[in-house]
Amino acid sequence: MDLKKNDEIVVTIDNLGNQGEGVAHVDGYALFIKKALPGEKVLVRLMKLNKNYGFARLVEILEASPQRVEPACPMAKTCGGCSLQHLSYEGQLAFKEQKVRDCLKRIGGVEPPIWEPILGMTGEEKGKGTPVRPWNYRNKAQFPVREDESGNPAVGFFANRSHRLIPVDNCAIQHPVINEVVGEVLGFMRECHIPAYQEEKHSGLVRHIYVRRGYHTGQIMVCLIINGKSLPHSEKLVQRLKKVEGMTSISLNVNTKKTNVILGEKMIWLEGAPYIEDTIGDIRYRISPQSFYQVNPIQTEKLYRTALEFADLHGDENVWDLYCGIGTISLFLAQRAKHVTGVEIVPEAVENARENAKLNGITNAEFYCGAAEEVAGKLIREEGQGQDTVDVVVVDPPRKGCDSALLDTIVNIRPKRVVYVSCDPATLARDVKILGEKGYRVEKARACDMFSQGEHVETVVLLSDKRVDGHIDIDLDVEKLESTGGRATYAEIKDYVKEKYGYSISSLYIAQIKNKVGLEKRDNYNHGSGEGSVPECPQEKEEAIMDAFKHFRLI
């Protein structure tokens, strides 16, 4: 078919792309269509045609997918914030899990032998008994402020791939009190005639409204980013904001540069503390405006508990947490490790991490400021840390992934395990491939839906050192154990033994006992790759596993 710009054609959507857009093929030529879903027949208008792929605009849905739902937000079609509101939540989870799988296989060249189900926003809130819903979850907002068509200050989000503001008065994924705070700030600006920022002219005063809320504490932080040295009538702003329940910290941030970076270097405190506090699990954290802190508190606890589970700590391990932020994961790990060393490049975050350790009475964690690869190298050279002394390395890098020098440092340290927490499957897969080429093997993975209604996804991957003494290659059917009597996953067997007997057991031990009682297995469960001997299951763990087999009616 000869395709030309502005032509309208009918296509069938094959799949979803990495950004959540529909993908169709016309004689092998790929077209990307926003808001279209797999299986749908749609009328589209061709907008931009490159050599091997093009972009089209959805004109009409001729045959809708059963996964299509009506977006909860009236601005969903124009706002660049939520790309998947038109897809059912079950469909969103399936898409995100498959997205991670595809990246690991296509870019990383790996398929984890153990893939745990994606952690969705389902079930009940811990300790509250109320249903978890994938809405109103965000505890942080950075709203750009611009003038609307009438010249009044307005907030919202930028349209996709532009700086054109789409006004949004009530964001459906923000906590309701954040929308309330933004309303108070806009009311103040209108009352006191405070001009909004005009990007083209680099004029006006208020650039962004930054709001954070502690999920468990209810504490609220408000920071106005200004294109100037002060805010006129700031006392009136304080009076307005103090009426909001939970208001704890009010500040200004000075950013007079022509830049897309939101925060400047100078802070001006107007009222309250320079931080708010929140908790994840049993750990309490202090959070400053510059600190990185996950935006979805319900899912954050699930994510960090997964990282802790993958780290498999027993109390005698030395752990390095690189890109540690304010110590969120570090302090989780410190509850079970011998010692944790955290490294972070943002000075304010490092100070927060040290304060958070003191706040929680944690004495086995220390924090260093600097680029992770530089600090790690210095610790190895000057203090003798690193090589043969670090058992587990945890990394939680920004979206661009790990610096190549840091990956080299990890390989030189040679930890037994690497736990990689990622917010971008593509860079995760790239880094996993590099580590794989240098002697690390992916053992298991799990995706976590931290950004419901959007296309992004978090992932935790466990890698182990193939050269560690005693490490063996095992090809396990980890999906299920089967017999005519019953069925149970390896995870269920492990959980049963852990809860009843307090033992942590490996998949290898389960496979050995499975073989012993005559359950079907693959031939190489008990044959290594020549890199180490195969450990035998201890008697007490064998008895516990046998009990689990009986419990699940496998025997």
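Hi everyone, this is a quick walk through a predicted model, covering confidence, one helix pair and the cysteines.

Let's start with confidence. The protein chain has a mean pLDDT of 89, and 92% of its residues reach 70 or more. Two stretches deserve some caution, though. Over residues 469-486 the pLDDT stays under 50, and the model has 63 contacts for them beyond four places in sequence. Residues 520-533 are also below 50, with 39 contacts in the model beyond near neighbours in sequence.

Now to the helices. Two packed helices are described by the angle between their axes and the distance between the axes. Here, please find helix α8, residues 404-413, and helix α9, residues 425-437: their axes come within 10 Å and cross at roughly 35 degrees. The crossing of α8 and α9 is right-handed. Who makes the contact? From α8 we have L407, I410 and V411, and from α9 we have D431, I434 and L435. By type, that is five nonpolar residues, one charged and no polar.

Finally, the cysteines, since I know you like them. How many disulfides does the structure hold? Zero. A disulfide is a covalent bond between the sulfur atoms of two cysteines. So why is C73 not bonded to C171? The sulfur of C171 is the closest cysteine sulfur to that of C73, but at 6.6 Å it is too far for a bond. C73 itself counts as buried, at 12% relative accessibility. C423 is in no disulfide either, as its nearest cysteine sulfur, in C402, is 11 Å away. C423 is buried too, with a relative accessible area of 12%.

Thanks for listening!

Note on methods:
Residues are numbered from 1 along each chain as its sequence is written. This is a predicted model: local features need pLDDT of at least 70, side-chain atom pairs count only at pLDDT 80 or more; totals for chains, interfaces and linings use all residues. Side-chain values use heavy atoms; hydrogens and water are left out. Axes are lines fitted to C-alpha atoms, for helices over the stretch in contact, and angles run from 0 to 180 degrees between N-to-C directions. Helices (H or I, at least four residues) and strands (E, at least two) are DSSP runs, numbered from the N terminus. A crossing is left-handed if the near helix is turned anticlockwise from the far one by less than a right angle, and right-handed if clockwise. Contact means heavy atoms within 4.5 Å. Ala, Val, Leu, Ile, Met, Phe, Trp, Tyr, Cys and Pro count as nonpolar, Asp, Glu, Lys and Arg as charged, and the others, Gly among them, as polar. pLDDT is the predictor's confidence in each residue, from 0 to 100. A disulfide is a pair of cysteine sulfur atoms within 2.5 Å. Buried means under 20% relative accessible area, exposed over 50%, partly exposed in between (1.4 Å probe, protein chains only).
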